[in-house]
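Here is a short tour of a multi-chain model, written for someone who likes to know what the coordinates say before using them. Have the structure open in a viewer as you read.

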Amino acid sequence: MSDNPDTRERGGPDEYDVADRGLVPGLASLLLFGVLAVTILNADFGTPAGLEAGDYGITHGIGFALFNIDLGAFAGSTEGFLAAFFIVAITLDVAIDGALYLAKRESDGSIVSAVGGAFSRGRKAGEGGD
Amino acid sequence: MVDAFAYVPAIVVLPFVSFLVALAFGKYLPKGGAFGGIAATAGSFLLSLWVLATVAGGGQHTETLYTWVSTDGIAAGIGPQEIELTFGVLIDPLSALMLVIVTLIATLVHVFSLGYMNDEGERDLPRYYAGLGLFTASMLGFVVADNLLMAFMFFELVGLCSYLLIGFHFREPGPPSAAKKAFLVTRFGDYFFLIGVVAVFATFGTASFVGSESFPVLAEHALNGEFDAWTPFGLDVGTWFTAVGLLVLGGAIGKSAQFPLHTWLPDAMEGPTPVSALIHAATMVAAGVYLVARMYGFYVLTPTTMAIIAFVGGFTALFAATMGLVKEELKQVLAYSTISQYGYMMLALGAGGYVAAVFHLMTHAFFKALLFLGAGAVIIAMHHEENMWEMGGLKEKLPVTYWTFVAGSLALAGIFPFAGFWSKDEILYEALVHGLNEPLLLGAWAMGLLAVPVTAFYTFRMVFLTFHGEPRTDTARDPHPIRWNVKGPLTVLGVLAVVSGAVNMVPVQKVLGLEGIDFLHLWLDGHYGGFSELTSHHYADLGPYSSGYIAGGEIPTVLIGAGVSLALALGGLGLAWKLYNVPEPAEHTAALGGIKTVLYNNYYQDELQVRIAQVTAGVASVADTFDQGVIDGVVNGVSSVSLVSGDRIRRVQTGVVTHYAALLTLGVTGLILVLGVLGGWFL
Amino acid sequence: MSIIQSSTLEPLAALPAQTGGAPLPEWTALGPILALVATGLLLLGWDTVFPNRRTNTELSVIAAVGALVTLALSGWYLAAGTGRPATGGAITLFAEAITIDGLALFFTAIVAVVTALVAVASRDYLDDHETPGEFYSLVVLAAAGMALLASASSLATIFVALEMVSLPSYALVAYLKEDRGSVEAGMKYFLVGAVSSAIFVFGISLVYAATGSLVLSDVAAAFGDLDDLAGVAGVGVVMMIGGFAFKTASVPVHFWAPEVYEGAPAPVSAFLSSASKAAGFAVAFRVFTEAFPIADAVAVGIDWPLVFAVLAVLTMTLGNFAAAVQTEVKRMLAYSSIGHAGYALIGLAALSAGGSHNGAVMGASMAHLFVYGFMNTGAFLFIAMVESWGVGRTFEDYAGLGSVAPMASVAMTVFMFSLAGLPPFGGFFSKYFLFAGAVFNGFWWLAAIGALNSVLSLYYYSRVVKALWIEEPTDALSAVDSRPTALYGAVIVAAVATVVVLPGFGPVIETAEAAATALFG
Amino acid sequence: MIIEALIAFTFVSAMAVLLAPDEWAGRLAFALSLVPFLGSLFLWARFDGSGNALTGGELAFETQIDWIDVGGYTIQWFVGLDGISLPLVVLTAFLVPLAIVSAWTPIDERQSQFYGLILFMEANLIGVFAALDFFAWFVFWEAVLLPMYFLIGVWGGPRRKYAAIKFFVYTNAASLVMFLGFMALVFSLPVETFGLPEVTQSIAAGELGSFYGIPAETIGLVSFVAMFAGFAVKVPMVPVHTWLPDAHVEAPTPASVLLAGVLLKMGTYALLRFNFTMLPEQASALAVPIAALAVISVIYGAMLALAQQDLKRIVAYSSVSSMGYVILGLIAFTVYGVGGATFQMVAHGLISGLMFMAVGVIYNATHTRMVTDMSGLADRMPVAVWILVAGAFAYMGLPLMAGFAGEFYVFVGSFGSPVANGLMPVFTALAMFGIVIVAGYLLFAMQRTLFGPFRLDTDYELGRAPRRETLPLAALLVAIIVLGIAPDLFFEMIREAVVPVVEGGVN
Amino acid sequence: MVAPEYYLLLAAAVFCIGLFGVLTRRNALYFLMSVELMLNAANINFVAFSSYYGDLTGQVFALFVIALAAAEVAIGIGIILVLYRNFGVTDVTVPREMRW
């Protein structure tokens with residue numbers, strides 16, 4: 001993994017080994033938990049209203065909410081998610097598209113080596129870009 | 001009959017035109033533009049004579065020619081707003097007389113330069129004659145100035161011309177540094193003069209010399225309460241006027257080479273001799289005295305300033321004369337003699353002898369110019385050798401020069417019939433008479449008196465060393481012949497040196513009671529023409545002094561004074577005769593013992609001023625290192641601090657993702673804590 | 001300054017006679033977003049129909065045309081004054097999930113411009129890349145996500161749109177699968193992105209817990225009376241700020257930016273640092289003005305302008321100070337982009353309850369993002385061009401480029417001095433309006449820190465200019481042979497736009513300010 | 001519309017010269033730069049303005065168009081000339097062609113870029129002096145930095161990079177401080193636009209309100225100090241002057257001619273417009289410290305010049321010293337004081353321009369500026385040397401030269417001024433000592449380099465300076481003498497514009 | 001009925017455990033698992049408060065979060081694959097070429 005010494009004085013991984021830091025970074029998450037716990041315990045909620053089935057049942061309600069259809073019992077508070085539904089559809093498609101591109105292994109042989117070598121991508125002509 | 005006054009501006013413009021002509025076409029004109037210069041100065045001389053005649057016929061004239069800054073359209077703002085800066089012309093007995101003196105000597109010097117410069121084959125002549133032309137123009141401009149600002153401007157221009165002419169031979173190392181020294185020392189004097197000019201404007205709102213609105217008249221009213229002059233920090237009017245008087249005096253001391261600022265004149269001898277004759281003997285150096293005379297109405301109101309002027313004058317007279325004793329070069333002796341003679345004039349002005357000062361100014365101009373031109377002639381003859389110990393026995397070979405030189409020397413020494421006696425005697429008389437009830441004035445008179453024998457001694461030491469005895473070098477044996485253009489001016493000035501005394505023989509008039517022969521007194525008293533507030537009697541009754549007499553009456557005082565000063569002069573001459581009128585004169589300075597070295601080094605004044613210059617240069621380099629080090633250091637420091645801190649911040653980016661995640665969590669928790677504590681969630 | 005004075009009909013502003021006088025139907029408000037989505041899908045389709053054909057040019061043209069159409073549509077709507085209170089107010093669709101108003105259209109315009117420039121530039125950049133197809137679809141769909149993000153007015157839509165932007169960006173950053181830099185950048189971007197989106201969604205859940213609704217207007221209503229739930233809501237708000245900080249690369253969540261902007265392919269860096277940052281600010285502006293109104297928030301103890309002020313100062317200072325000591329131009333530009341995020345944050349920081357100039361400050365910040373979009377994209381595209389010449393990446397390698405490629409270097413000088421805020425270029429007005437707005441709103445100390453940082457920024461921006469014009473060219477410049485026309489064109493267009501925006505700053509700042517005041521309205 | 005035409009033409013000609021080939025870029029630039037010069041003469045001839053632009057005087061060639069309205073303020077394109085700004089425009093238009101001609105010899109690579117940048121700077125300079133709306137003015141004010149950075153950076157001397165970046169960042173930081181000061185001032189005023197006249201008149205009407213709890217007086221004082229600090233860097237005044245010598249020494253001759261000739265005047269012009277016309281009470285409240293700073297600038301600047309060995313550094317430091325006079329004149333708040341200061345700006349512009357050009361001509365021949373390296377040049381280059389001597393005397397304030405007129409008016413105006421609770425006479429007397437030190441170091445430098453026997457350490461054989469290098473010098477000398485003899489050419493209109501400032505001042 | 005605070009507490013605990021995993025584990029796949037955990041913590045909250053307020057918003061939105069979590073994992077796997085191909089290791093701390 002040749003490194004270009006002249007551009008900047010960055011050593012390899014050895015000079016600063018991460019492993020020994022061990023669990024110390026973990027403390028940050030414990031600290032966050034402590035803070036969250038304190039805020040939560042200080043807050044006092046009223047009595048929960050609870051969900052009553054209503055004439056179509058909850059799963060039907062979810063389906064209706066998903067498509068902004070008249071929500072019967074839950075009309076008051078539940079908001080429509082149609083817009084979110086369309087967006088999620090496209091997003092999942094894009095995610096698949098991106099993931100497949102990344103995972104796709106270019107056909108072996110010429111292209112891989114050719115591309116790797118030819119494409120200096122900005123490194124100095126003489127630089128190593130394996 | 002067109003009056004002469006319409007031509008007054010022409011007097012100033014003619015030499016200026018010759019300056020332009022010499023500068024532009026000098027190369028192509030014969031003798032490098034000399035004839036243009038001579039014609040111009042001669043023309044001015046004739047016009048000045050005509051003006052003199054008109055003034056004698058009872059005329060006087062003042063007129064504003066060009067408004068530099070008009071103040072129309074300025075409403076009453078705050079502070080001195082309504083100052084109008086103008087250029088104007090003032091012709092009165094004093095200025096008419098001065099015009100004649102300056103133009104006469106300028107013409108003679110131009111003619112003399114033909115011999116001195118052209119015949120000796122000097123190069124760059126156009127630049128020489130241009131310089132002379134410009135000098136004469138600015139000197140005449142100064143003489144006719146009707147207000148202090150115009151006077152100051154031409155005062156400085158004259159200083160510039162002296163710089164250019166002293167540094168004429170700029171290819172050698174000597175003249176440029178002499179020119180620089182001359183300009184710097186006079187500039188130091190002009191600094192005080194400029195403050196004086198600005199102070200006059202601020203105090204009176206005007207700086208004109210003449211008219212009911214002139215600042216001396218306003219000063220008069222201010223002193224008796226009719227005019228509320230502006231004064232800084234609530235000073236009372238009297239002390240403030242004294243201060244302003246002293247400030248303007250600074251300029252006069254600088255230009256007329258009085259005591260502290262005299263060191264530049266001996267070095268100015270580096271310039272060509274006609275330049276020394278014109279500038280450093282007759283005209284420019286007189287500018288200081290003329291300035292004080294011009295605004296004498298203002299000085300008379302402040303007794304302390306008068307006393308200081310007198311004392312400085314007296315001291316310089318004695319101080320410079322002693323230095324003249326031991327000098328070896330011809331021109332050096334004359335230089336110190338000039339300083340001492342102007343000391344006398346300052347003494348006269350300080351002692352209330354307004355007419356005496358002007359009289360000595362006139363006579364001195366003639367015989368000192370004569371002596372300088374004589375020295376010039378000798379230098380031509382000796383192939384530019386100036387050391388007197390290389391000369392001797394020139395009497396037979398240069399008869400005309402010898403006799404005119406002797407006439408000048410007699411006048412300078414103040415021997416009876418010659419001009420010098422009358423003018424110097426009247427100064428001492430005025431000083432004595434006013435000094436009897438003024439101790440400071442008496443001291444000044446004593447110094448003046450003591451200087452008389454010394455002057456006589458060094459003058460005749462010079463004469464005997466140069467002309468008498470055996471020629472000591474072969475050049476002295478067969479000197480270079482001198483032509484008419486040198487002899488002509490010498491003879492004219494020789495006659496004047498002898499005759500000019502007759503203009504104002506006050507002692508004769510007092511002793512013999514022949515009324516009317518003191519023409520100069522009448523002339524300056526407004527008897528013929530002139531402005532009432534500029535006459536000598538007006539100054540006398542404003543003046544602070546009352547005259548006391550010794551041994552009974554006025555006549556005995558006159559006789560005793562004249563007798564004592566003549567006796568001392570003859571004594572000095574006799575001593576010089578005994579010591580130096582021998583075929584093989586020897587250096588007699590051993591007799592002086594210790595003070596010889598002091599005199600040689602001119603009381604170490606030069607070294608003192610060089611010391612001051614070195615100290616300022618030292619302070620300047622300290623300031624420079626401070627500036628580079630501290631102020632610049634701060635600027636560079638700021639930039640390097642920010643770059644170093646930038647480097648520290650950069651290091652936080654370690655490249656490891658888990659660190660980023662950890663710092664991210666810490667950041668969010670921190671924000672929650674900050675907001676929580678402020679918002680009071682946790683309490 | 002609305003040219004067409006429309007009728008008071010609630011839906012879209014009345015259009016001139018040519019469309020029969022009746023205002024366009026309501027759904028057409030989504031025009032710009034639909035255009036982007038349609039282009040994205042078209043690109044996907046095109047790539048599947050011609051899988052192995054090196055169709056780089058056509059794809060780039062389709063993407064660019066799509067972006068330009070969006071730009072035209074949003075520009076036209078803005079000019080027509082859609083969404084202004086004067087013309088019937090914001091248009092809400094899908095049960096208040098999406099609102100089309102001045103803010104949405106303004107940021108859609110910014111995103112469209114940047115996308116167009118990136119699409120055109122990528123044609124040359126990916127010239128010898130074997131499968132360029134996915135690149136364009138990912139870019140355009142990410143842009144669609146950003147447009148949606150700018151118009152989302154419910155936390156649900158916001159989160160989903162945010163993901164729609166992030167997911168393709170992760171793929172785009174790691175697009176050069178064989179280049180270690182791009183892969184490392186992609187990995188870091190993904191990991192930090194995943195964590196911060198998790199934090200963001202946890203924040204939303206807390207806010208939902210406290211207010212019981214996701215739609216911004218209902219949240220605002222509930223915000224008034226949550227007396228004892230303030231703690232929970234407060235933590236939720238801070239965590240959401242963490243999410244926005246990720247998108248806008250502000251301080252606590254900025255660590256990914258230097259590596260990603262440096263490692264990723266230059267057009268992607270341009271895209272991320274201009275478009276996605278602008279979208280992040282758009283959603284931050286909308287959420288914090290509509291969902292958490294300042295008066296109620298401060299009353300309840302959640303003084304979020306103070307938090308943003310802290311973030312602004314830290315981001316500006318860190319961005320500028322770190323940039324001053326960089327040795328590589330691209331990494332310097334990354335840090336400068338963080339610095340500029342700090343300046344834009346002033347738009348949120350210098351707000352005070354009932355402040356008379358809130359609209360002016362936020363408007364100035366939006367205008368700054370608009371001009372910044374041009375400058376920054378141009379600068380990164382210039383670096384893309386230099387990379388394609390293989391001349392090297394440090395300041396010393398850039399020495400003497402001015403003599404070899406004068407036109408491009410002039411463009412880069414325009415970008416650099418405009419980023420520094422020097423007058424003959426657009427950046428000057430946008431930065432100074434921002435500082436002036438901060439001073440007017442009473443936050444003169446914030447403007448002072450901004451001014452201090454912009455002085456330091458002048459230093460390192462002029463290091464680039466010094467390298468281009470003043471240093472002597474080394475021998476390495478012989479490699480500068482090819483003239484990538486499309487890349488060249490994009491850079492020149494961006495430069496011309498940066499210069500033109502100075503005299504033409506009137507319309508930009510006026511629309512931005514109107515949009516911002518509408519938010520506070 | 002004439003001012004816009006002038007500025008637009010200069011911009012276009014700058015572009016044209018940028019694209020012209022290097023060989024005849026110089027001549028084309030000179031030809032093109034004559035047009036703004038003739039334009040400025042036309043402006044001068046047809047000048048019909050009266051009174052001060054800021055205090056409601058009637059403007060010449062005024063145009064006012066709305067440009068941007070934002071946050072309740074409308075930013076206009078507001079341009080006009082009055083008695084103070086016209087002389088400076090004429091000075092700029094006069095100096096630029098001469099600077100271009102003086103660049104023909106020394107600048108021998110990338111000429112088209114050089115002349116293009118000079119013309120670009122000229123357009124901005126005319127803009128600075130003509131603009132009367134803050135933002136338009138500020139655009140021109142900052143835009144001047146850019147070309148000067150490149151002029152020093154690309155064509156400068158050995159340490160040019162350091163000098164260029166120092167100049168650039170230093171002046172930019174200053175103008176930011178000034179910007180914030182002005183913004184705070186404008187916001188606490190009930191004004192609708194950033195127009196300088198409107199701001200001045202509303203302050204004069206006493207409408208300076210409080211600003212987020214900070215009382216009006218402190219706002220006035222704080223913004224005065226901020227603006228003063230910002231402009232003091234440009235003047236430069238002593239504590240913040242260290243960028244000037246570096247910039248001057250490293251800049252090529254034509255660039256330092258314009259830097260000393262016009263750029264320094266931007267600072268004093270802005271001080272007069274912003275600090276002394278808008279906030280007269282604060283100005284007279286701070287009169288003592290400002291006057292003290294002015295005197296220190298004069299004496300300290302002159303002392304520094306005394307210690308220099310490089311001719312250009314000497315002239316640079318003496319600019320610091322003569323700018324001290326201008327500040328002294330401004331703080332005096334009398335017609336002669338403020339009028340003299342404005343006149344001194346023009347006079348110093350011409351004289352320092354002449355000095356730099358002359359030193360440049362000597363440098364072109366001898367390739368050294370060190371006083372120790374050469375002597376006796378008068379023998380070999382008479383015309384150039386004698387004009388340099390005349391310039392030096394003009395610098396020392398020799399009468400019948402523009403320098404004396406400027407300095408004398410300042411002295412007369414400030415000696416009797418009632419400001420600074422009566423200390424003005426002391427300050428003026430101290431400042432006047434500057435003329436002695438100036439004479440000292442200029443004469444000393446001239447004596448060592450120009451007179452005495454000829455010696456040159458750098459081995460260049462020395463011939464007379466070519467005519468095209470001495471002609472601009474002669475032109476400048478003639479201008480200085482004409483202005484010295486007839487100062488009312490400019491002083492008339494300056495005085496007319498200054499009277500309202502003085503009346504507005506403290507009584 | 002369980003008081004809502006405890007749901008919040010549970011969600012916070014799960015969130016912090018996920019965060020702990022992210023901060024300490026070096027393998028990329030563990031990283032993905034931890035992020036999944038954090039997202040699910042949010043879901044707990046949504047569902048809990050959906051019933052607390054008696055409306056379906058929370059539950060519907062939880063579906064969306066799950067969907068997007070899946071999409072994220074897809075992209076994550078893709079990136080880890082590319083990482084492995086280039087660096088030969090799936091350790092997140094190894095690629096440290098770009099820093100300072």
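The sections below go through confidence, individual chains and the contacts between chains.

## Confidence in the model

Please keep in mind that this is a predicted model. Its overall scores are ipTM 0.86 and pTM 0.89. For chain E, the mean pLDDT is 90, and 99% of the residues of chain E reach 70 or more. As a general caution, where pLDDT is low, the predicted coordinates should not be read in detail.

## Chain E: three helices

Chain E is a good place to begin. It has three helices and zero strands, which gives the pattern α-α-α when read along the sequence. The radius of gyration of chain E is 17 Å, while the globule rule gives 13 Å for 100 residues, so chain E is more spread out than a compact globule. Along the principal axes, the C-alpha atoms of chain E fill a box of roughly 50 × 25 × 25 Å.

Which parts of chain E does UniProt annotate as "transmembrane region"? The unreviewed entry lists residues 6–23, 30–54 and 60–84 of chain E under that name. In the model, residues 30–54 of chain E are 96% helix and 0% strand, with end C-alpha atoms 36 Å apart. For residues 60–84 of chain E, the span is 100% helix and 0% strand, and the end C-alpha atoms lie 37 Å apart.

## Burial and contacts within chains A and E

Chain A has four helices and zero strands, and its pattern along the sequence is α-α-α-α. Of the 130 residues in chain A, 28% are buried. For the 100 residues in chain E, the buried part is 62%.

How are the contacts within each chain spread along its sequence? In chain A, 12% of the contacts between residues at least 6 apart in sequence join residues at least 24 apart. In chain E, residues 24 or more positions apart account for 46% of the contacts with a separation of 6 or more.

## An annotated domain in chain C

For chain C, an unreviewed UniProt entry gives "domain: NADH:quinone oxidoreductase/Mrp antiporter transmembrane" at residues 152–457. In the model, residues 152–457 of chain C are 79% helix and 0% strand, and the end C-alpha atoms of that span lie 34 Å apart.

## Where chains B and D meet

Which chains share the most contacts among the eight pairs that touch? The answer is chains B and D. Their interface brings 47 residues of chain B into contact with 48 residues of chain D. On the side of chain B that touches chain D, the elements giving two or more residues are β1 (61–69), α5 (148–166), α6 (174–204) and α26 (605–651) of chain B. The largest share of that side, 14 residues, comes from α6(B). By class, the side of chain B that touches chain D has 32 nonpolar, eight polar and seven charged residues.

## Other chain pairs

Chain B is also in contact with chain E, with nine residues from chain E and eleven residues from chain B taking part. The chain E side of this contact divides into six nonpolar residues, one polar residue and two charged residues.

Two pairs of chains do not touch. No contact joins chain A and chain D, and their closest C-alpha atoms lie 23 Å apart. Chain D and chain E do not touch either, with nearest C-alpha atoms 25 Å apart.

Technical notes
Residues numbered from 1 in each chain as written. Chains lettered and ligands numbered in written order. Predicted model: local features only at pLDDT ≥ 70, side-chain atom pairs only at ≥ 80, totals over all residues. Buried ≥ 20, exposed ≤ 12 C-beta atoms within 10 Å, placed from the backbone. Contact = placed C-beta atoms within 7 Å. Nonpolar A, V, L, I, M, F, W, Y, C, P; charged D, E, K, R; others polar. pLDDT = per-residue confidence, 0-100. UniProt positions renumbered as here; feature names shortened; annotations may be inferred. Rg over C-alpha atoms; globule rule 2.2 N^0.38 Å.
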